[in-house]
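Student: I should like to understand how the terms used for this model are justified. Could we go through them one by one?

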Amino acid sequence: MKNGLEDVVAAETRLSDVDGEAGRLVIRGVSLDRLVERATYEDTAALLLEGLLDRPVIADDLKTRLGRMRAEVFAHVQAADEALQELPPVDGMRALIARLPDGEDFETVLRLLAAPAVFLPALLRLQKGETPVAPSPSLSQSADILAMLNANLPSREQVSALDAYLVTISDHGLNASTFASRVIASTRAGLTSSVLAAISALKGPLHGGAPGPVLDMLDAVGTEADAKTWLGHALDRGERLMGFGHRIYRVRDPRADALKGALKPLIATGQVDHDRIRLAEAVEQAALAILRERKPDRPLDVNVEFYTALLLDALKFPREAFTGVFAIGRTVGWIAHAREQALEGRLIRPRSVYVGPLPQAA
Ligand code: ACO
């Protein structure tokens with residue numbers, strides 16, 4: 001048995017390929033560095049969904065339809081009562097998505113892509129005692145998310161940075177949440193059920209729950225000079241350094257560089273906290289050195305979550321919302337995998353090895 005199903009192949013996919021030795025991510029035949037340079041969120045969604053739905057998906061058309069759908073799903077924000085507003089944002093978002101109808105058609109897909117983009121900013125505003133901002137259907141998905149979050153039109157650099165983030169994390173092989181989505185799809189339960197299961201898998205700290213704790217770690221480190229000592233003590237306590245390590249990558253996660261690149265225009269135009277960036281660079285260098293020293297047999301490098309934390313912080317998302325933003329971007333990957341599974345796969349039903357007690361002889 002392979003603990004954690006490491007190296008077990010559980011699906012064939014045309015959606016994305018993660019090469020952990022080379023540090024390369026390919027999404028539908030396009031390498032991540034090229035995709036992130038050229039594609040918007042809508043382009044990437046159309047690319048991932050191509051041929052998997054009951055009608056063709058064209059990026060421009062998707063932008064218009066998603067805009068309209070954001071306006072439609074905004075009505076569901078009214079269901080966010082006080083108890084729901086008190087939940088962590090990703091849980092509140094999941095609770096609102098659970099109220100949406102299940103299905104496998106194009107309308108369901110549009111609803112599932114639009115809903116998290118609307119629910120997360122609305123919940124964040126409600127938590128601060130502010131009125132949710134209604135969507136602007138003519139904006140792109142990224143621009144509208146930021147407009148709904150901050151109640152003003154975002155800068156060009158901010159929109160590009162969020163687009164780069166959503167593209168970068170759109171799909172990533174058979175990670176835990178995508179596997180969860182495929183398991184549900186294999187029972188034909190419907191895409192809303194797949195997305196709900198995937199969000200539940202994503203929120204754990206070993207998966208998409210890591211970027212908030214990355215900022216907590218930077219705060220705890222405090223100053224560049226203290227980085228090495230603080231990290232050493234954390235490892236002594238048996239803690240893991242958040243934003244480092246990966247099941248597949250044995251080298252640097254290519255998504256970390258895509259996001260580092262996406263931060264540059266924000267840095268150049270003064271739209272970031274420069275002290276935070278300098279501290280993060282120092283922590284990254286110190287962590288790489290100390291992990292090499294302490295874990296010489298296990299190559300541990302920076303993963304996507306480290307730069308996610310810096311980018312989403314620069315875009316003014318509160319840290320407790322980072323997992324929810326991850327879900328906004330990854331939903332299209334979950335849906336594409338669920339459709340691929342439903343169209344081409346069988347019911348997923350592995351076996352277990354019984355190691356419990358045997359029945360007593362009578
Ligand atoms: N800090 C310190 N040590 C680490 C780290 C880390 N971040 N990651 C792995 N290790 C060590 C483990 O302690 C273990 O050491 P040991 O053999 O001496 O006990 C060894 O490396 C192997 O660890 P595993 O848990 O077997 O590795 P696995 O492939 O299961 O874990 C994971 C991958 C969960 C991402 C891990 O690296 C980790 O916990 N990282 C920190 C959390 C994080 O950043 N998560 C986001 C991942 S990216 C994503 O999901 C979108």
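The dialogue below sets several descriptions of the structure against their definitions.

Tutor: This is a predicted model, in which local features need pLDDT of at least 70 and side-chain atom pairs count only at pLDDT 80 or more, whereas totals for chains, interfaces and linings use all residues. Residues are numbered from 1 along each chain as its sequence is written.

Student: Why is helix α15 called mostly covered?

Tutor: A residue is buried if 20 or more other C-beta atoms, placed from the backbone, lie within 10 Å of its own, exposed if 12 or fewer, and partly exposed in between. In α15 (residues 304-314), eleven of eleven residues are buried, including Glu305 and Asp313. The helix itself is a DSSP run (H or I, at least four residues; strands are E, at least two), numbered from the N terminus.

Student: Against which helices do the buried residues of α15 pack?

Tutor: They pack against α8 (156-168), α11 (211-221), α13 (254-268), α14 (274-294) and α16 (322-344). Contact requires C-beta atoms, placed from the backbone, within 7 Å. Leu311, for instance, touches Ala161, Tyr165, Leu259, Ala262 and Leu263, not counting residues up to four places away in sequence. Just after α15, Lys316 takes a positive phi of about 75°.

Student: What makes a set of residues a nonpolar core, and which residues have the most contacts inside the largest one?

Tutor: Such a core is a set of buried Ala, Val, Leu, Ile, Met, Phe, Trp, Tyr and Cys residues joined through C-beta atoms within 7 Å. The largest has 112 residues, and Leu263 and Leu311 have the most contacts inside it. Helix α6 (residues 106-127) gives the most to this core, with 13 residues. The core draws at least three residues from each of domain 1 (14-204 + 320-344) and domain 2 (211-314); these bounds come from an automatic or database domain assignment.

Student: How do you know that β1 and β2 pair?

Tutor: Two strands pair if DSSP finds at least two bridges between them. β1 (residues 16-19) and β2 (residues 24-27) are joined antiparallel over four bridges, so the criterion is met. Ser16 has Ile27 as its bridge partner in β2. Two bridges join β2 to β3, also in the antiparallel sense, and Ile27 stands opposite Val30 in β3.

Student: Why are β1 and β3 at the edges of the sheet?

Tutor: The three strands form an open antiparallel sheet in the order β1-β2-β3. β1 and β3 (30-31) each have a single partner strand, so one side of each is left without a neighbour in the sheet.

Note on methods. Two residues are in contact if their C-beta atoms, placed from the backbone, lie within 7 Å.
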